[in-house]
Every structure is written in C-alpha cells, then in structure tokens.
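These are my notes from one sitting with a single model. I went through pockets, overall form, backbone angles and one side chain in turn.

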Amino acid sequence: MQDKIKFIFKTPEVSPGYLLNQLHLIWQRKVKNVLDPLNLTHTQFVLLASIAWLTNQKDDLTQVELASANNYDRMMVSKVLRTLQSKNLIERREHSTDTRAKVVTLTSKGKILLQTALTEVERMDVDFFEILGNDMKNFNLKMQTLIETNKTR
C-alpha cells in the first residue's frame, strides 16, 4: 500500500480554504445569474462599481488607482476597461498632469446600467447572506481583517 497523504485538516469540512472556495463558487454562480442578462461579467461589474464609488470620493481616478483599490492586475484592468469603453459604459482620457495615466469615468449609459446591476447584486447579496443575521457585522470585520493581513504577504 502506498504512503498516505497527510492532511492538517482531517476532512474538507474543517478546512477554511475549502469552505471559502465552496462558498465563493456558490456566491459567484448567483452573481453570474444576475449579471448575465445585463451582459456584464463580475469583473466588469466590480470595476464599474469601483469607478462610481471612488469618483464619488475623488476626481481624476486613474486606471492604476482602480486596479490597486481592487487588488487587480493593471494589465487585466486595462483590458477590461477597453471592453467597457467599447460598450460605451466608460470614458478614458489622459490625466491632466500625468500624460502616462488614464483617467476613467462612467458614461450616462454606464451609470444607468450600473444602477440596475447594483440593485440586483445587492438584493442577491442580502438574500445570500441573510442567514448570518446579527453575525453579519462580525463576518464582514473578519473578512476585512483577513484581506488586510494577507494583501501584502
């Protein structure tokens, strides 16, 4: 008989990584079901929502800042933004003081589509996470802690 592989976690159900992956796959499938009829991918939605959120706080949001805020690869963000631009959902222009940087903004069409998508995704999130009830705040804090702790490792 071959040597058995040794696991720290005795079953998948006690492995936080396994559980997180399973939860993510289920949640992602639900998000996809909401966004598919709007002809948006999840990444496109995240970037549109981030543009809206970040430009509510500052003018001249650059692609690099957008990528950094989402922990996304800059080249991937650039490619997705080109797709969003071809759909007339965003505009990109040169930064006023840094000609290497591109500033991104939502178009009117992008704002309308994003508002529809946000309403649907947030409704799905409420339904998905409602089982947590009063534990939602603590769940979010724990996720924020995990993100901050592991972001730069």
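What volume does the second largest pocket have? I looked it up and got about 160 Å³. The model is predicted, and I read every entry below with that in mind.

**Entry: second largest pocket**

I listed the lining of the second largest pocket next. It consists of Thr62, Gln63, Val64, Ala67, Arg74, Ser78, Asp98, Arg100, Ala101 and Lys102. Two elements, α3 and α4 (74–86), give two or more residues to this lining. The greatest contribution is from α3, with 3 residues. Sorted by character, the lining of the second largest pocket has 3 nonpolar, 3 polar and 4 charged residues.

**Entry: largest pocket**

I then turned to the largest pocket, for which I noted a volume of about 2000 Å³. Its lining holds 36 residues. I wanted the ones at the middle: Trp27, His42, Asp125, Met143 and Ile147 lie nearest the centre of the largest pocket.

Which helix gives the most to this lining? I found that α6 does, with 10 residues. At least two residues each come from α1 (16–35), α2 (42–57), α3 (63–70), α5 (108–129) and α6 (136–150). By residue class, I recorded 21 nonpolar, 10 polar and 5 charged residues in the lining of the largest pocket.

As a reminder to myself, rolling a probe the size of a water molecule over the atoms shows where empty space is left.

**Entry: the chain as a whole**

I counted elements and got 6 helices and 2 strands. Along the sequence they follow the pattern α-α-α-α-β-β-α-α.

How does the radius of gyration of the chain stand against that of a compact globule of 153 residues? The chain has 19 Å, whereas such a globule would be near 15 Å. I also took the extent of the C-alpha trace along its principal axes, which is about 65 × 35 × 30 Å.

For burial, I noted that 27% of the 153 residues are buried. The exposed surface of the chain comes to about 11400 Å², with carbon and sulfur atoms supplying 55% of it. I checked contacts between residues at least 6 apart in sequence, and 52% of them join residues at least 24 apart.

**Entry: positive phi**

Most residues other than glycine have a negative phi, so I looked for exceptions. Asp60 has a positive phi of about 55 degrees and is not a glycine. I placed Asp60 in the loop between α2 and α3. With a relative accessible area of 25%, Asp60 is partly exposed, because the buried class ends at 20%.

Asn88, also not a glycine, has a positive phi near 60 degrees. I found Asn88 in the loop between α4 and β1 (90–94). Its relative accessibility is 43%. Asn88 therefore counts as partly exposed, since exposed means over 50%.

**Entry: Leu19**

Last, I looked up one residue of helix α1, Leu19. Is Leu19 buried, partly exposed or exposed? At 42% relative accessibility, Leu19 counts as partly exposed. What does Leu19 touch, leaving out residues up to four places away in sequence? I wrote down Pro12 and Glu13.

Conventions:
Residues are numbered from 1 along each chain as its sequence is written. This is a predicted model: local features need pLDDT of at least 70, side-chain atom pairs count only at pLDDT 80 or more; totals for chains, interfaces and linings use all residues. Side-chain values use heavy atoms; hydrogens and water are left out. On a 1 Å grid over the protein atoms alone, a cavity is a set of points where a 1.4 Å probe fits but cannot get out, and a pocket is an open set with protein on both sides within 12 Å along at least five of seven lines; lining residues have an atom within 4 Å of a point. Grid points are joined across faces, edges and corners, and a volume is the space filled by probe spheres set on the points. Helices (H or I, at least four residues) and strands (E, at least two) are DSSP runs, numbered from the N terminus. Ala, Val, Leu, Ile, Met, Phe, Trp, Tyr, Cys and Pro count as nonpolar, Asp, Glu, Lys and Arg as charged, and the others, Gly among them, as polar. The radius of gyration is taken over C-alpha atoms; the globule rule is 2.2 Å times the number of residues to the power 0.38. Buried means under 20% relative accessible area, exposed over 50%, partly exposed in between (1.4 Å probe, protein chains only). Contact means heavy atoms within 4.5 Å. Accessible areas come from the Shrake-Rupley method with a 1.4 Å probe; for residues, only the protein chains shown count as cover.
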